[in-house]
Amino acid sequence: HGGQNSLMVGWIKNKFVYVRVLKNGSTTFQRLCANAGWQCIDLFDPPVDLTQCVLWGHITDPEQRHTKALSSYLDFNPDVLQRFFQDPVIQRVLITGVFDPHTYSIHQTLGPLITLPIHWIPLDAKITKWNPYPEPQEILDGNALTNDFFREHGIDLQVTDADIQYAKSQDHAYIRQKIQEVKLLYHESYEQLVKHFLEPDMLLYNNTLAKFNQKYLNQ
């Protein structure tokens, strides 16, 4: 990992800044920005005043994101993966911990930047757009919601299903399934992680979903 992955990276063009969050479509959208001529910046040492910019990024269910991140961590550490499937002690430690930037919460990742007005877009959501009668309702996924945001702000980007970049860990559904089983097995231990670490992200996610559901209620 290293390079861009070791920084709090953003991508900027004009006054618009994409706030990259690992495990939230970051591979897809940083490539989309780079191909469109956006400039990579360190958000902790930005070349511009971020309070004068329009910031946007993606959010997904924090518990699912933690599971995905753990599966990536195990994928990159086969020695730990082998023990995870065999050793209850390793299992309990893993599902209550944070081990690399992929498993960091959004609040931990962004630090003081979390207080900036960032336009969060739910990437894993299905939002119903209630069109005026007689138009039928539409179901908007993360790409559609993102493209709506681009249109509303005059950003010359569009994401399609063909742009989606799946990380190597996407192939390891069985690892995720095992992680979910272990989280259920050691539910009380896992809930400590949720309460003391994931909860701020969960509140942000739920508030974001509520905002989008309200927005598309009467279009």
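Here is a short walk through a few strands, one bent helix and two empty spaces in this structure.

The model is predicted, so local features need pLDDT of at least 70 and side-chain atom pairs count only at pLDDT 80 or more, while totals for chains, interfaces and linings use all residues. Residues are numbered from 1 along each chain as its sequence is written, and side-chain values use heavy atoms, with hydrogens and water left out.

Let's start with strand β2, residues 16–19. Helices (H or I, at least four residues) and strands (E, at least two) are DSSP runs, numbered from the N terminus. In a regular strand the side chains alternate between the two faces of the sheet. Here, Phe-16 and Tyr-18 point one way and Val-17 and Val-19 the other, and all are buried (under 20% relative accessible area, with a 1.4 Å probe and protein chains only).

β2 has partners, and two strands pair if DSSP finds at least two bridges between them. Strand β1 (residues 9–13) runs antiparallel to β2, with four bridges joining them; Trp-11 has Tyr-18 as its bridge partner. These two strands make a hairpin with two residues between them, and Asn-14 in the turn has a positive phi of about 55°. Strand β4 (residues 54–59) runs parallel to β2 and is joined to it by three bridges, with Val-17 standing opposite Leu-55.

Now look at α8. A straight helix of 29 residues would span 42 Å at 1.5 Å a residue, but α8 spans only 35 Å between its end C-alpha atoms (the expected span is 1.5 Å times one less than the number of residues). There is a kink of about 70° at Leu-198, shortly before Pro-200; the bend is the angle between axes fitted to the seven residues ending there and the seven starting there. Among the buried residues of α8 are Leu-198 and Phe-212.

Both of these turn up around empty spaces. On a 1 Å grid over the protein atoms alone, a cavity is a set of points where a 1.4 Å probe fits but cannot get out, and a pocket is an open set with protein on both sides within 12 Å along at least five of seven lines; lining residues have an atom within 4 Å of a point. Leu-198 helps line the largest cavity, alongside residues including Arg-65 and His-102. Helix α2 (residues 62–76) gives the largest share of that lining, three residues. As for the second largest pocket, 16 residues line it, with Phe-212 one of those nearest its centre. The largest share there, six residues, comes from α8.

How values were computed: Buried < 20%, exposed > 50% of the residue type's maximum accessible area, 1.4 Å probe, protein only.
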